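These are my notes from a session spent looking up selected features of one model. I begin with the surface, then turn to the interior and to the chain as a whole.

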Amino acid sequence: MSADAGRQRDPGLQPERTRLAWRRTTLASTVAAVLATKTALHGDVSPVGIIGCALCCALWLGFLLVAHRRIRALASTDSPLALAPRHATAAVLCTVAIAACGAALVF
């Protein structure tokens, strides 16, 4: 393998697949937030349900911000920078917290 071949990287469809994965995760997060909100506001509305609903919506907005920044970075260039560790941590924490809030509101 020559030195020139190592410098020219052909990303193929990897950035596109990654962008689509972020979109799918955003969609799943949106569905979880909407279902949690519907569950919290259905029937008797309690203060705990409203707090859970507000928390779920805030987490969803946080994840949406991280995801759209990443989607924009992936679309802007052929070789995007790696995801910053703090953004990755924020995305994971928001995803897990939304799932936990949704589960808590259902049960």
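Entry 1, surface patch. I looked for nonpolar side chains grouped on the surface of this predicted model. Leu27, Val31 and Leu35 form a nonpolar surface patch of about 290 Å². I then placed one of its members: Leu35 belongs to helix α2, which covers residues 14-41.

Entry 2, overall surface. I looked up the accessible surface of the protein and noted a value of about 7,400 Å². Carbon and sulfur atoms account for 67% of that surface. Of the 107 residues, 26% count as buried.

Entry 3, nonpolar core. Which residues of the largest nonpolar core touch the most other members? I noted Trp22, Cys56, Leu59, Phe63 and Ala91, out of 17 residues in that core. Helices α2, α3 (47-76) and α4 (85-106) each contribute at least two residues to this core. The largest share is that of α3, with eight residues.

Entry 4, Ala91. I followed one of these core residues outward, setting aside its neighbours within four places in sequence. With that exclusion, Ala91 is in contact with Trp22, Phe63 and Val66. Trp22 and Phe63 are also among the core residues that touch the most other members.

Entry 5, Arg70. Is Arg70 buried or exposed? I noted a relative accessibility of 12% for Arg70. Buried means under 20% relative accessible area, so Arg70 counts as buried at its 12%. Arg70 lies in helix α3. I next asked which residues Arg70 touches, not counting those up to four places away in sequence. The list for Arg70 is Trp22, Leu81, Ala82 and Leu83. Trp22 thus appears in my notes both as a contact of Arg70 and as a contact of Ala91.

Entry 6, architecture. I recorded the secondary structure as four helices and zero strands. Read from the N terminus, the order of elements is α-α-α-α. I also looked up how far apart in sequence the contacting residues are. Among contacts between residues at least 6 apart in sequence, 80% join residues at least 24 apart.

Entry 7, confidence. I closed the session with the pLDDT values. The mean for the protein is 82, and 89% of its residues reach 70 or more. Among the elements, helix α1 (residues 3-7) has the lowest mean pLDDT, at 55. The highest mean pLDDT, 87, belongs to α3, the helix that also supplies the largest share of the core.

Terms used: Residues numbered from 1 in each chain as written. Heavy atoms only, no water. Patch = residues over 30% accessible without salt bridge, like charges linked within 9 Å, V, L, I, M, F, W, Y side chains within 5 Å. Areas by Shrake-Rupley, 256 points an atom, 1.4 Å probe, with all protein chains shown as cover. Salt bridge = Lys/Arg side-chain N within 4 Å of Asp/Glu carboxyl O. Core = buried A, V, L, I, M, F, W, Y, C linked by side-chain atoms within 4.5 Å. Buried < 20%, exposed > 50% of the residue type's maximum accessible area, 1.4 Å probe, protein only. Contact = heavy atoms within 4.5 Å. pLDDT = per-residue confidence, 0-100.
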